[in-house]
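Hi everyone, thanks for coming. You have the sequence and the structure to look at, so let's walk through the model together.

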Amino acid sequence: MQFNPQKMVGWYQVKQLVFTGLKALLSYIFGNYSDRREVQAALSGSDRFDLSQTDELWFDYVSDVGDGFNSTYSVAKLLGQEQLVFGNETTQRGNVLIMGGDQVYPTPEMHEYENRLKGPYQSALPRNDQQPSPALFAIPGNHDWYDGLTNFLKVFCQERHIGQWQTFQKRSYWAIQLPHRYWIWGIDIQLNSDIDQPQKNYFADIVDRYMQAGDRVILCTAEPSWVFKDRYREEDSYERLRFFEQRFILDNQLELVATLSGDLHHYARYAKMENGEQTVQRITAGGGGAFLHPTHNLNEHLRKVEDEDLDLQAVFPDKETSRKLGFKNILFPYLNPSFSFFLGAYYLLLTWVLETDASRGAASLLEQLSEISGLWLAFDAFFHVLIRSPLAFILGTLLVASFTWFADENAGKSKYTWMIGFLHGGLHLVVCSLLIWGFATINLHYLNLEVISVVQVVLFAAEMVVIGSICAGILVGLYLMLSNLVLGIHDNESFSALHEEDYKNFLRFHLTPTQLTLYPIGIKQVNKHWERKSKFAFSGKLPKAHLIEQPIVVKMTAAEQSEQEVSV
């Protein structure tokens, strides 16, 4: 296998937007008609993976990997280290690695898996047949589902190696039996849909055949539905998660210790409080490589999650740092030149149509505007021609409608958030009119160029594309910055524009006869200067990792310890 290290996905590259949008649309339309989970059930047995024959076990959890090489490889390199030391705490590389969803971006083409996931992880921990292979299990996220799981099944469900890590699963969901009556379950929620019946049958069979009352479960799911329930007005994935937890865990007198998720690319831990103590942990840890999501809009208490008393315990990065990063959207034209250039070119196209239709009268639009000295009069002349030109009106309406549709209404506190998007789109028409007025005045009035001369046409086109791109990009950046920092919307859109490689995280667990210890590990700054030495060898400084918060400990009760001693 040959792989090419990739840059962070450019979510505002026009080609990328169109391609990913089409993939998402097709998977949404056909996903329910071609559910690969049912095919998996027919072709594989219903069994658990038994890792319980040991006294202690280390295992790692990482999610939202497979993006830019610098961030993905930095995290993989740390996961591959035999030990990571944090003060007096020495942690061991996991005997098991859990990947919690979205193993590749932007779409699950095989070359993307090769370049963005398999290549970095094989380089981070090369295969060595003389050493034991840590087990690797994965659940699919929405990006893995965009091809109906075709390539996910090839990568993770055929007992292959990814570097030293060895895959074992036959399905996109699984149950792993750990020592001391602990289990890890990974569920496949497809594209935010119901749990399919074969999957329900699988976990019901696992419970009936292998588990007993009091066993503890760590549940892995592809999205933090508890956060989505609190943040979005139209969101029912939490109810589906709670149904699964109730039906297969709580009703069978099993104990839910923690629910782990990615999808949001930060660290955030909510805990359920009972009698002043933390019980169930709801943890988002999507810091495996993808762009950073903000933390400053997370509520301290999940108000809409009424059946649980969930309070925010820790986040990474901290909320102050997250807010400061949000101001970087002012650099939108620099960070996203493709999208800014597209808007500048759109401005030019609109101007071309306006000029063509206006020139059928006594004077062209540029000539009219070059003689106008008042701002309001310039607006009036622009919009007067816009209304009279059918094609220009369609182009202007399409521009406004696109940004109205772009508005993050579902995350807004008001159902009228679309009005902010409508205003944003309208401001683009205003900016376009100002640019036409300004360039017409400079070219025709001050430089005395003829409106139809080659020099004027070329100069005007260059002015509109270059300066128009910058102005349009700044307007989009201001919209994203203000809507996120002030209105608390556009978390995804505002931070995907930043291509932020830093502030990554993963989880490390240590299970012993007396307790389960969770180490939340953060990387404030990844290495952006890896040097390639050979096909799968890179040199560079290992990023500095730290504990995001103090280790979270779940202790065995006295009765459980006595039971363990009796069984031994």
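Strand β11, residues 216–221, pairs with β12 in the parallel sense, over six bridges. This is a predicted model, by the way, so please hear everything I say in that light. Within that pairing, T221 stands opposite S261 in β12. Now follow S261 across to the next strand: S261 also stands opposite T284 in β14. Strand β12, residues 255–261, and strand β14, residues 277–285, run parallel and are joined by four bridges.

What about the other neighbour, β13? Strand β13, residues 267–274, runs antiparallel to β14, and seven bridges join them. If you want one position to click on, take A271, whose bridge partner in β14 is Q281.

Let's zoom out to the sheet. In what order do its strands lie? The order is β1-β9-β10-β11-β12-β14-β13-β15, which makes an open sheet of eight strands with mixed pairing. The edges are β1 (49–50) and β15 (310–316); each has a single partner strand, so one side of each is left without a neighbour in the sheet. For anyone who wants the reminder, strands of a sheet pair through backbone hydrogen bonds, either parallel or antiparallel.

While we are at β15, have a look at what follows. The peptide bond from F316 to P317 is cis, with omega near 0°, and P317 belongs to the loop between β15 and α9 (319–326).

There is another cis bond, and this one leads us to the aromatics. Y105 and P106 are joined by a cis peptide bond with omega of about -5°. P106 sits in the loop between β5 and α4.

Keep Y105 in mind, please. Searching the whole structure turns up 33 aromatic pairs. One of them is W11 with Y105: the ring centres are 6.2 Å apart and the planes stand at 90°, so this pair is edge-to-face. Why is this pair of interest for the fold? W11 is in the segment before α1 (14–30), while Y105 is in the loop between β5 (96–99) and α4 (110–124), so the pair ties together parts that are 94 residues apart in sequence. W11 has a relative accessibility of 13% and counts as buried. Y105, at 2%, counts as buried too.

Another edge-to-face pair is Y202 with F203, at 5.0 Å centre to centre and with 85° between the planes. Both of these residues are buried, and they bring us to helix α6.

Helix α6 covers residues 197–210. Does its length agree with expectation or disagree? At 1.5 Å a residue its 14 residues should span 20 Å, and the end C-alpha atoms are 20 Å apart, which agrees. Its buried residues are Q199, Y202, F203, I206 and V207. They cover an arc of only 130° around the axis, which puts them on the same side of α6.

A few more aromatics before we move on. F3, F69, Y73, W530, F536 and F538 come together as one aromatic cluster. F3 has a charged companion as well: the charged end of R532 sits over its ring, 4.8 Å from the centre. In a similar spirit, R247 lies over the face of F248, at 4.8 Å from the ring centre.

Now, the cysteines. How many disulfides are there? A search of the whole structure finds zero. Take C220: the closest cysteine sulfur is that of C157, 15 Å away, which is too far for a bond. C220 is buried, with 1% relative accessible area. For C432, the closest cysteine sulfur is in C471, and at 11 Å that is again too far for a bond. C432 counts as buried, at 0% relative accessibility.

Last stop, the backbone. N448 is not a glycine, yet it has a positive phi of about 55°. You will find N448 in the loop between α15 (418–446) and α16 (454–485), and it is exposed, with a relative accessible area of 61%. Y503 is not a glycine either, and its phi is positive at about 60°. Y503 lies in the loop between α17 (491–496) and β16 (504–511). Is Y503 buried or exposed? Y503 is buried, with a relative accessible area of 14%.

That's my tour, so over to you.

Conventions:
Residues are numbered from 1 along each chain as its sequence is written. This is a predicted model: local features need pLDDT of at least 70, side-chain atom pairs count only at pLDDT 80 or more; totals for chains, interfaces and linings use all residues. Side-chain values use heavy atoms; hydrogens and water are left out. Rings of Phe, Tyr and Trp (its six-membered ring) pair if their centres lie within 6.5 Å; planes under 30 degrees apart count as stacked, over 60 as edge-to-face and the rest as tilted. Helices (H or I, at least four residues) and strands (E, at least two) are DSSP runs, numbered from the N terminus. Buried means under 20% relative accessible area, exposed over 50%, partly exposed in between (1.4 Å probe, protein chains only). A charge sits over a ring if NZ of Lys or CZ of Arg is within 6 Å of the ring centre and within 35 degrees of the ring normal. Two strands pair if DSSP finds at least two bridges between them. The expected span of a helix is 1.5 Å times one less than its number of residues. The arc is that of the directions from the helix axis to the C-beta atoms. A disulfide is a pair of cysteine sulfur atoms within 2.5 Å.
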